[in-house]
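Welcome! Have a look at the chain below, and then work through the exercises one at a time.

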Amino acid sequence: MSQSQPPLLSEPAAPARRANVAEFTVSELSSAIKRTLEGGFGHVRLRGEISGYRGPHGSGHCYFALKDEGSKIEAVIWRGVFSALRFKPEEGMEVIATGKVTTYPGSSKYQVVIESLEPAGAGALMALLDERKRKLAAEGLFNAERKRKLPFLPAIVGIITSPTGAVIRDMLHGFDERFPTRVILWPVRVQGPTSAPEVAAAIRGFNAIQPGGPVPRPDLLIVARGGGSLEDLWGFSEEEVVRAAADSGIPLISAVGHETDWTLIDLVADARAPTPTKAAEWAVPKRSDLLLQIGDFGQRLTAGLKRTLEGERVRLRAAAAGLPRPQDLLALPRQRFDGVAGRLPRALIGNTRAHAARFNRVGARLNPQILRGKLHRASDRLIAVAGFGARAFAARTERQRARLARVADRLHPRLVLAKKERGTTRLQELAERSAAAVRRVVDMRRRRLLGQAQVLATLSHHSALERGFAIVRNEAGHMLRARASVAAGDRLEIELADGRLPAIAAAGGGSGAADSTVTQPARAPRKPVGKSGQGSLF
């Protein structure tokens with residue numbers, strides 16, 4: 001190492017020898033120090049306390065320092081390494097870092113580029129776990145009122161675990177023994193840095209399944225893993241897993257580890273099973289127990305029905321015993337009917353005799369002479385009234401004739417002719433005045449209409465077409481105002497001053513030019529009407 005040492009790193013030379021010392025730039029010296037430091041140490045393992053941690057930088061990298069009671073060294077974790085860490089660093093945490101010693105020439109300091117990071121022993125992991133537990137508990141994620149009741153008989157059970165371990169085989173065997181049901185497995189890694197993201201994604205994925213889709217939505221979820229150390233089960237205590245379990249809309253059973261192991265997902269789950277096999281037993285009831293229970297319920301139902309029918313039969317018999325016989329109910333009405341039927345012939349005979357006697361009494365008082373006398377008296381009165389009416393009519397007629405004669409003396413044709421002449425003169429005057437008024441109104445309306453026609457001709461698009469402009473419309477007849485609304489191949493219609501012609505756009509709105517090709521003969525130009533494009537009303 002001393003042989004490759006640069007001259008600048010040796011003892012200061014005598015003044016007479018300074019002219020022979022090689023000259024370096026700052027970058028060359030920094031690179032030489034970097035190579036010397038990295039070649040002398042390489043990878044190291046450091047134990048220290050995190051200091052100055054402020055979370056990931058905007059670039060995704062993390063910068064902080066590792067210190068102990070006497071020294072401090074700068075550290076950096078690149079973005080790719082940080083995303084793969086099993087746990088995230090926190091201020092004041094004691095950790096063991098593995099990395100490479102290097103220098104940063106921009107500030108003339110050395111630092112450790114960390115490639116892996118882990119807590120310094122189980123004590124640190126437990127402290128971190130307790131801190132995370134207190135934080136999530138303060139948010140209410142572990143409250144008992146949030147836990148839901150497990151479904152009695154789920155049709156589909158979703159299991160989140162490793163597809164190659166003994167856990168899934170034990171759980172499937174438990175389902176077969178108790179109650180065969182449909183199981184959907186979401187394979188995940190249950191250990192390692194990617195375990196927590198995969199488990200959280202599996203929980204959210206099951207909840208994202210819509211009912212009635214191609215993949216059935218589970219009625220119950222089970223997160224399962226075998227036993228292990230605190231480090232092995234650390235992925236199930238990550239915050240993203242706990243929050244995914246808390247947000248799950250499907251009831252969830254946690255079956256992570258053995259009975260003595262615990263993770264944070266156990267506290268947020270709706271039920272915590274001591275083992276994965278026990279989770280399978282909790283998920284579905286035992287089929288034989290159900291059959292026995294159904295048989296017991298059937299027997300109890302049959303016995304209850306028998307007791308109910310017997311009680312109703314007894315009450316019916318008691319009610320029937322208290323009712324009278326139909327013969328007793330009909331005896332009295334039948335007797336009354338017989339009595340009335342026996343009296344009816346005698347009553348009819350008596351009624352007929354009474355009406356006959358009354359008719360005889362009335363017939364004795366009737367006589368034709370009385371009717372003839374009444375008829376003669378009525379004829380005499382009618383003749384007298386007729387004579388009186390004739391005389392009255394003749395007198396009234398005479399009075400009306402005298403009145404008409406007096407009125408006729410006062411009537412003369414000259415009076416009627418004079419009224420007629422006066423009326424004719426008045427009518428002629430009114431006709432002349434009416435004709436003059438009509439002419440004035442027509443002239444006024446004509447002048448106003450001509451003014452409006454001139455304004456319309458000025459504002460009409462036909463005047464612009466007369467000056468050489470054109471209107472382009474699309475196939476639907478809508479006017480196009482921008483080139484961006486035209487695509488290649490669109491059918492267009494171009495309106496000129498003397499008519500319209502169809503066209504097809506050769507290029508779209510994004511091209512530099514928009515040529516058009518006529519695909520059919522242009523329509524015959526419309527005959528202009530009037531000077532301003534409007535027909536005359538007169």
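**Exercise 1: A salt bridge and its two ends**

R500 has a relative accessible area of 24%, so R500 is partly exposed; partly exposed lies between buried, under 20% relative accessible area, and exposed, over 50% (1.4 Å probe, protein chains only). Before going on, note that this is a predicted model in which local features need pLDDT of at least 70 and side-chain atom pairs count only at pLDDT 80 or more, while totals for chains, interfaces and linings use all residues. Residues are numbered from 1 along each chain as its sequence is written, and side-chain values use heavy atoms, with hydrogens and water left out.

Task: find the salt bridge partner of R500 and say whether that partner is buried or exposed.

Solution. Step 1: a salt bridge is a side-chain nitrogen of Lys or Arg within 4 Å of a carboxyl oxygen of Asp or Glu. Step 2: R500 meets E493 in this way, at 3.3 Å from N to O. Step 3: E493 has 15% relative accessibility, so E493 counts as buried.

**Exercise 2: Further salt bridges**

Task: describe the pairs D266 with R272 and R189 with E198, then say how many salt bridges the whole structure has.

Solution. Step 1: the side chains of D266 and R272 form a salt bridge of 3.5 Å, N to O. D266 is buried because its relative accessible area is 7%, whereas R272, at 27%, is partly exposed. Step 2: between R189 and E198 the closest N and O atoms are 2.6 Å apart, and E198 is partly exposed with 22% relative accessibility. Step 3: a search of the whole structure gives 19 salt bridges.

**Exercise 3: Strands side by side**

Task: work out how β2 pairs with β1 and with β3.

Solution. Step 1: helices (H or I, at least four residues) and strands (E, at least two) are DSSP runs, numbered from the N terminus. Two strands pair if DSSP finds at least two bridges between them. Step 2: β1 (residues 43-51) and β2 (residues 62-67) run antiparallel and are joined by three bridges; here E49 stands opposite K67 of β2. Step 3: β2 also pairs with β3 (residues 72-77), again in the antiparallel sense, over six bridges. C62 has I77 in β3 as its bridge partner, and a hairpin of four residues leads from β2 to β3.

**Exercise 4: The surroundings of T275**

Task: place T275 in the chain and list what T275 touches.

Solution. Step 1: T275 sits in the loop between β10 (271-272) and α8 (276-283). Step 2: with 27% relative accessibility, T275 is partly exposed. Step 3: contact means heavy atoms within 4.5 Å; leaving aside residues up to four places away in sequence, T275 touches A255 and G257. Step 4: H258 is 17 residues from T275 along the chain, yet their C-alpha atoms are separated by 5.4 Å.

**Exercise 5: The whole protein**

Task: which overall counts describe the secondary structure, burial and contacts of the protein?

Solution. Step 1: the secondary structure comes to 13 helices and 14 strands. Step 2: 26% of the 538 residues count as buried. Step 3: among contacts with a separation of 6 or more, 59% come from residues 24 or more positions apart.
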